[in-house]
Amino acid sequence: MKFVLAPDSFKESMTAKEVCQAMKNGIQKVILNAQIFSIPMADGGEGTTDSLIDTTNGKKYSVEVTGPLNNKVTAHYGILGDNQTAIIEMAEASGLSYVPKEKRTSETIKKTTTFGTGELINAALKHNVKRIIIGLGGSSTNDGGSGMAQAIGVKFFDQNNHEINQKLSGGMLNRISRIDLTNINPQIKNTEFLIASDVTNPLTGTNGASYVFGPQKGADQSAVKELDENLSHYGKIIGKNIAQIPGSGAAGGLGAGLLAFTNATIHSGVNLIAQETHLEEKIKDADYVFTGEGGTDFQTKFGKTPYGVAQIAKKYNVPVISLAGYLGQGIDQLYKEGFTAIFGILDKAENINQALKDGPKNVERTTENIVRLINAKK
């Protein structure tokens, strides 16, 4: 019997690789000789680097870069097993986790920069890769990717034709009058950039980066309006109608910056990861697919990892069993989307810290019980 294990991480409890191991342990308690293929998954957000490195036998690297508040932080990126592809999570350099909750204010979001993400790109390019996958989840920024662009060599000038030497942020974009690409990192033009994001928001407007995501990062309505106007100005300077491209508003507009200054295309995060891991090839002749995530509810169908996995399995009529730390409202909507059954893994009421700690044994036990039922029906 062939099982494909393709879960996401369970945030703050298990990496996707650890979830796979727990599922595998559960299966082998029942069917010792089962064929088991473990494919740690992600959707472009946290854990994407680890998932692709684990699946392709790649390597992770550390580098000191500029954090979103202009302090130095240690960030990671990966080189996949093919040695031709790099994987970067922008949150490693420019994520909201670097901004303490008490500092998530209107003034702070006007100052955050993606400069460090550009430094990660430069570091990855030193490996002479042909492709860079960039996950855009978890940003603290609203600078339209201008900081990233500065780091890779793009120069910005004000109306007096003076170069803006400060690291650009969302609050400074109205100062830009001219852009010069002469000194951009020469490797950029020969490198394919694949943006992994399930955000389809444009750069500006009521559905844009500032209005939709700004408040989550601390912006009040006055700051939201200012930031949106600044991004509108920036979008006009960039040109190419990039501001209205779906996904250009991802990660505070980093999507727009990548589209403007690199050979970037935007892709569904989970579909891109599935492609890189050859997930479909492994699923098509499987007997069962196990997937999962920390919490499953109606939002899962909007591009989360289990949904993407289920959509592939549905093409081949392979049953999909999904596990989750908690089950929320609307999971009934998932059964027509390729999910066969969805299980919560908790065995008793307990505090959140203990539940997170018990994640591996709960996944193992739940998987074992499901497989016992499967095996009994053979």
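In this predicted model, the largest nonpolar core (a set of buried Ala, Val, Leu, Ile, Met, Phe, Trp, Tyr and Cys residues joined through side-chain atoms within 4.5 Å; buried means under 20% relative accessible area with a 1.4 Å probe, protein chains only) has 48 residues, and those with the most contacts inside it are Ile-121, Ile-132, Leu-136, Phe-156, Tyr-234, Leu-258 and Phe-261. The largest share of this core, eight residues, is supplied by helix α9 (residues 250-261), where helices (H or I, at least four residues) and strands (E, at least two) are DSSP runs numbered from the N terminus. A second, separate core comprises 28 residues, including Met-41, Ala-313, Val-318 and Ile-331.

Local features need pLDDT of at least 70 and side-chain atom pairs count only at pLDDT 80 or more, whereas totals for chains, interfaces and linings use all residues. Residues are numbered from 1 along each chain as its sequence is written, and side-chain values use heavy atoms, with hydrogens and water left out.

An open sheet of mixed pairing is formed by six strands in the order β3-β4-β5-β6-β9-β10, two strands being paired if DSSP finds at least two bridges between them. Its edge strands, each pairing on one side only, are β3 (59-66) and β10 (263-267). Within the sheet, strand β6 (residues 131-135) runs parallel to strand β9 (residues 192-196) and is joined to it by five bridges, with Ile-133 standing opposite Leu-194 in β9.

The domain assignment, which is automatic or taken from a database, gives domain 1 (1-38 + 279-292 + 304-322 + 338-365) and domain 2 (48-267); their centres, taken over C-alpha atoms, are separated by 33 Å.

Terms used
Buried means under 20% relative accessible area, exposed over 50%, partly exposed in between (1.4 Å probe, protein chains only).
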